[in-house]
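Welcome! Please take a moment with the sequence and the 3D view before reading on.

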Amino acid sequence: MSSKNENSSGDDKLIRDQMLATIYGQCVGDALGLLTEFMTKDEASKYYGKKPKMLLYSQKVPDFHRGRWKDGDWTDDTDQMILILHSILFNKGEVVATDYAQRIYRWMKTGFPDLGDLGGMGLGRTTAAVLKHPEFKSKPHDCSYEVWDKSQRSVAPNGAVMRTSLLGLHQWNNLEAVVKNTLEICKCTHHDPRCQASSVAVSVAIALMLQHTSREKSSGSKCPKPVDVKVIIKQAYESASQLLTTDEEKKDLWWYMNCTKLKQLDLCEAAKIGYTYKCMGAGFWALKQNNFQKAMIKVVMAAGDADTNGAVAGALLACKLGLSAIPQPWTDDLINKEWLMGYINRFLALQGEMSLPVEQRSSSEDLDIEKLLEEDKERNKKREEEHKRQYEERLKASSENPS
């Protein structure tokens with residue numbers, strides 16, 4: 001594990017821009033991926049062309065699945081990342097599994113009410129099974145283990161790796177903290193070692209790229225060296241492989257992290273599109289590319305679980321290339337970016353406070369989960385009263401005007 005980087009600063013503009021790029025990369029990849037999510041490659045080509053040079057959110061096929069989201073909206077992948085962000089902000093930089101558990105459970109019921117949601121959409125089968133466990137909110141790790149154990153320990157879906165990019169940004173200058181935080185959140189819903197390893201691989205790779213930026217800035221070089229992707233992958237693999245036990249498991253992880261041809265990942269393989277290593281593999285394939293637009297279109301057109309693959313691919317590649325590499329229409333047309341930016345600014349400020357004692361860090365009392373739950377009760381009460389009022393008005397009108 002790497003030790004702390006003495007030259008890190010949450011206020012450093014290069015680091016801040018790289019963090020912003022990573023978050024926007026995830027959002028963009030998620031929103032774009034919705035265009036082809038659950039399609040085959042042939043279906044994607046039918047609707048968007050065989051080799052499109054550009055894709056826009058407005059091109060989204062208006063079928064039942066895609067029609068649940070507005071053009072330019074991200075899906076549950078990014079929603080769950082934002083829940084991690086909210087939990088970190090409220091807990092002043094501490095990562096608390098039970099707090100995250102309460103937030104994702106609430107999200108399943110309500111979505112983000114301030115965005116007009118009525119419930120969380122797109123929840124994966126494994127995550128849903130864990131969240132429905134009666135003890136989930138107080139013992140999330142135990143519940144995820146139980147669900148995994150009952151599956152004969154064979155299920156390794158991508159529901160944890162899809163949200164993990166933020167944990168590569170938080171405390172990026174301390175890899176031990178990055179790994180610990182990632183596992184704390186991953187195991188809330190996904191216990192399989194492959195889920196843990198893929199999540200750690202992604203978050204560590206992101207942290208390592210930020211560390212590279214910091215070192216190059218500190219060196220004072222007029223020509224900073226570009227990030228060495230092979231070195232990043234090797235170091236990320238070393239952290240992730242420690243969570244696996246057999247040589248065969250480690251070999252499998254290495255293959256997916258080093259895959260150089262996207263088609264080899266077979267992202268729309270029947271019954272296996274949600275495998276966590278496929279999603280991670282798409283991310284590390286993207287990391288090897290140098291054109292964000294072309295890379296993301298290839299990932300999206302590979303279909304399968306495209307929003308999840310796009311979220312991880314977008315985060316990793318944007319972290320490497322920077323915000324300017326993302327086509328402007330893709331960032332401009334994200335419909336909830338201003339809402340999210342308010343929380344991102346708080347998160348960036350918090351990074352500069354992480355060396356302070358917890359009690360001296362900025363507070364986000366508006367994100368207190370207990371207060372949010374109380375607001376939900378009040379909102380539901382008002383909604384029920386309004387429904388009752390409308391019902392009584394209809395009854396009155398029908399009695400006054402019998403047919």
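Here are a few numbered points to help you find your way around.

1. Please keep in mind that this is a predicted model. Confidence across the protein chain has a mean pLDDT of 94, and 97% of the residues reach 70 or more.

2. Do take care at the start of the chain. Over residues 1–11 the pLDDT stays under 50. For this stretch the model has 28 contacts beyond four places in sequence, so I would read them with the low pLDDT, under 50, in mind.

3. Now to the aromatic rings: the structure holds 9 aromatic pairs. One of them is formed by Tyr256 and Tyr275, whose ring centres are 5.9 Å apart. Their planes stand at 80 degrees, and an angle over 60 counts as edge-to-face, so that is what this pair is.

4. Where do Tyr256 and Tyr275 sit along the chain? Tyr256 belongs to helix 11 (residues 247–258), while Tyr275 lies in the loop between helix 11 and helix 12 (276–287). The two are 19 residues apart, and their pairing links distant parts of the chain. Both Tyr256 and Tyr275 are buried.

5. This pair also has company. Trp255, Tyr256, Tyr275 and Tyr277 are joined into a cluster by ring pairs.

6. Finally, have a look at Asn181, which is found in helix 8 (residues 175–186). Is Asn181 buried or exposed? Its relative accessible area is 6%, and under 20% counts as buried, so Asn181 is buried. Leaving aside residues up to four places away in sequence, Asn181 touches Val95, Leu167, His170 and Gln171.

Notes
Residues are numbered from 1 along each chain as its sequence is written. This is a predicted model: local features need pLDDT of at least 70, side-chain atom pairs count only at pLDDT 80 or more; totals for chains, interfaces and linings use all residues. Side-chain values use heavy atoms; hydrogens and water are left out. pLDDT is the predictor's confidence in each residue, from 0 to 100. Contact means heavy atoms within 4.5 Å. Rings of Phe, Tyr and Trp (its six-membered ring) pair if their centres lie within 6.5 Å; planes under 30 degrees apart count as stacked, over 60 as edge-to-face and the rest as tilted. Helices (H or I, at least four residues) and strands (E, at least two) are DSSP runs, numbered from the N terminus. Buried means under 20% relative accessible area, exposed over 50%, partly exposed in between (1.4 Å probe, protein chains only).
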